[in-house]
Amino acid sequence: MTANPNEILREDASGQVLIRLRGEVDLSWTQDVRRAVLAAFDAGKPVGIDLSAVDYIDSSGIAALVEGLQKARAQGLGFALVAPSAAVRAVLELARLDQVFKIVANAAALTAPA
Amino acid sequence: MNATAPLIEVDKLDAWYGQRQVLHAVDFTVTSGEIRVIMGGSGSGKSTLLRHLLGLQRPAAGSVRLFGVDMGKASERERLDVRKRIGVSFQGGALLTSLSVGENVALPLREHTDLDESTIRIMSRLKLEVVNLGGFQDLMPSQLSGGMVKRAALARAIVMDPRLLFFDEPSAGLDPVVSAELDELILRLRDALRMTIVVVTHELESAFKIADTITVLDQGRVLLTGSVAQVRAADNERIQDLLNRRPREMQVDAEAYLRRLTQEQT
Amino acid sequence: MSALERPLQGLGRATIGAISGVGYAAMLLVESLYYCVAGRRLGQRVRLAAIVRQMREIGVDALPIVALLGFTVGLMLGIQFIASLAEFGAQSQVVVAVAKSVTREFGALITAILVAGRSGSALAARIGSMSVSQEVDALAVIGIEPVRYLVAPALIAMLVMLPVLTIFANAVAIIGAALYSAPALNVTPSAYLLQTLSLLTPGDVWQGLSKSVVFALLITLIGVSTGFSVTGGAEGVGRATTRAVVLSICWIIVVDMVFSFFINR
């Protein structure tokens with residue numbers, strides 16, 4: 001098991017903002033994740049959160065995603081989780097949030113009409 | 001911390017209640033990711049062992065280590081750090097009756113984190129959803145049924161995403177359907193949140209369903225620690241008595257018996 | 001020999017029990033003060049909101065009953081002093097007699113006994129039932145020191161509110177006495193009150209207040225320590241509640257006497 005450094009990458013494309021999360025999303029840095037997710041709406045474009053490289057997410061991480069979805073709804077923007085890893089899916093399913101979030105297979109699907 | 005180091009290490013633990021010794025040199029080890037069931041009849045010492053694991057009682061002899069920290073010798077700060085990483089669901093729930101269900105679940109977050117109020121709200125309600133109590137956050141504990149209290153207590157126990165979860169008698173006093181649901185939930189928690197779980201129970205059915213490994217306690221001694229299959233196959237007479245719900249055969253020590261009957265009160 | 005041995009053993013056990021009880025209460029006191037001072041650094045902050053809630057329950061909610069009892073006691077003192085001092089033709093001394101006995105003695109005593117019955121018992125019952133239902137254990141394993149969460153706020157609130165209630169009781173009792181005595185002395189109630197103020201020294205008031213601080217410690221520590229040592233389910237909680245009230249009142253009266261003796265020597 002290689003130690004995965006935690007990081008947040010933001011990619012501003014023409015039609016969307018993509019936040020790539022990496023590593024273990026836990027209480028020690030979810031405040032940063034939350035800020036990054038909420039800040040992504042500045043551009044006024046749909047937001048995707050890429051979770052394919054996340055090995056573990058705790059409920060404070062999930063809470064940040066929920067707040068993102070809430071903000072997206074308020075601003076009428078699209079919000080989707082992109083390719084969540086198995087670990088993330090398991091947590092989403094535990095709280096039945098897989099039925100609440102829009103989950104897409106890749107970033108390209110983000111801009112496709114819902 | 002080393003990933004392969006055991007989360008719980010108990011070494012030659014003795015415990016006394018007054019003159020009576022309730023634990024005799026108990027050794028007990030739990031490694032990361034397993035579901036361990038501590039099984040035993042009443043009076044087997046399983047509750048006392050749990051109280052020592054939680055640091056509620058100090059060992060008379062021997063040591064208890066959680067995450068490598070000796071709970072008997074740790075400073076207050078170290079103990080607090082350990083306690084932030086464990087969750088406990090008590091037998092009777094032990095929800096604070098002066099707080100609503102939602103406030104109970106949010107209590108550890110409020111006390112130990114500087115999270116945003118909205119994050120705390122979402123996290124605690126999320127955990128209520130996980131235990132199928134979504135929308136019940138404004139009720140008071142006295143308004144809940146027994147099964148709901150247990151589930152709310154579980155939500156509070158897991159709200160900080162503990163690495164290590166203790167569950168005291170999950171199925172005691174519940175109807176079979178609710179208790180089966182709780183067993184299912186314990187398995188899902190381990191898989192999704194990667195928790196290590198220690199369950200204390202006397203319910204065989206539930207123990208066999210959820211356990212990776214079982215420790216059988218009897219009269220303060222560890223009879224056996226092993227997989228479900230090993231426990232089922234054990235030829236120890238007391239274990240077979242437990243499995244088959246046979247009343248134990250009392251060996252009568254004539255001298256001691258007579259003394260108990262006739263001795264004047266001390 | 002055993003005829004003598006039995007009661008001696010009982011006496012010994014009771015003594016050890018009493019000493020360990022005092023020791024336990026002292027430990028709770030030291031720990032609460034420690035958390036008040038160092039709690040923030042240890043991640044065990046004593047919450048202001050909790051103190052304020054306790055202050056309301058102990059102090060504000062008790063105002064009506066303190067007013068009623070204070071007034072009644074004042075009235076009673078007025079009646080008694082007028083009657084007994086009239087025998088010596090010394091009715092005019094009623095003002096000073098009431099003023100000093102209320103501020104030095106009765107204000108603090110009546111308030112403390114009342115609060116012991118109301119809040120000392122409530123503390124014992126609350127903590128007792130929490131011990132029985134494992135809520136105290138739950139707090140500990142969540143990482144909330146029960147002493148910090150349950151005892152420290154109550155102690156601070158009691159130390160603030162009991163003297164405040166005592167001042168209030170003093171005022172109401174003197175007004176009560178004035179309403180009865182002023183007509184008997186052929187003065188107006190306001191003239192009576194003005195004379196009272198001119199006769200009182202700060203020392204009189206301080207005597208009552210310093211006692212009420214000690215009473216506050218006694219009520220809280222006896223209430224919480226009996227609460228924590230509850231065993232035996234709901235019945236045990238009931239026993240502890242009664243015990244807390246009886247013990248508090250006994251201690252209050254004994255300590256009051258000792259205090260009065262040393263201060264007035």
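Two residues are taken to be in contact if their C-beta atoms, placed from the backbone, lie within 7 Å. The model is predicted, so to speak of local features a pLDDT of at least 70 is needed, side-chain atom pairs count only at pLDDT 80 or more, and totals for chains, interfaces and linings use all residues. Residues are numbered from 1 along each chain as its sequence is written, while chains are lettered from A and ligands numbered from 1 in the order in which they are written.

We may begin with chains A and B, whose contact draws 15 residues from chain A and 16 residues from chain B. On the chain A side, two or more residues each come from α2 (59–75) and α3 (86–94), helices and strands being DSSP runs (H or I, at least four residues; E, at least two) numbered from the N terminus. The top contributor there is α2(A), with 6 residues. This side holds 9 nonpolar, 2 polar and 4 charged residues; Ala, Val, Leu, Ile, Met, Phe, Trp, Tyr, Cys and Pro count as nonpolar, Asp, Glu, Lys and Arg as charged, and the others, Gly among them, as polar.

Chain B also meets chain C, through 17 residues of chain B and 12 residues of chain C. Here α2 (76–84), β6 (86–89) and α3 (101–112) of chain B each supply two or more residues, and α2(B) has the largest share, 5 residues.

Within chain B, the domain assignment, automatic or from a database, gives domain 1 (1–85 + 163–227) and domain 2 (93–161). Their centres, taken over C-alpha atoms, are 23 Å apart.
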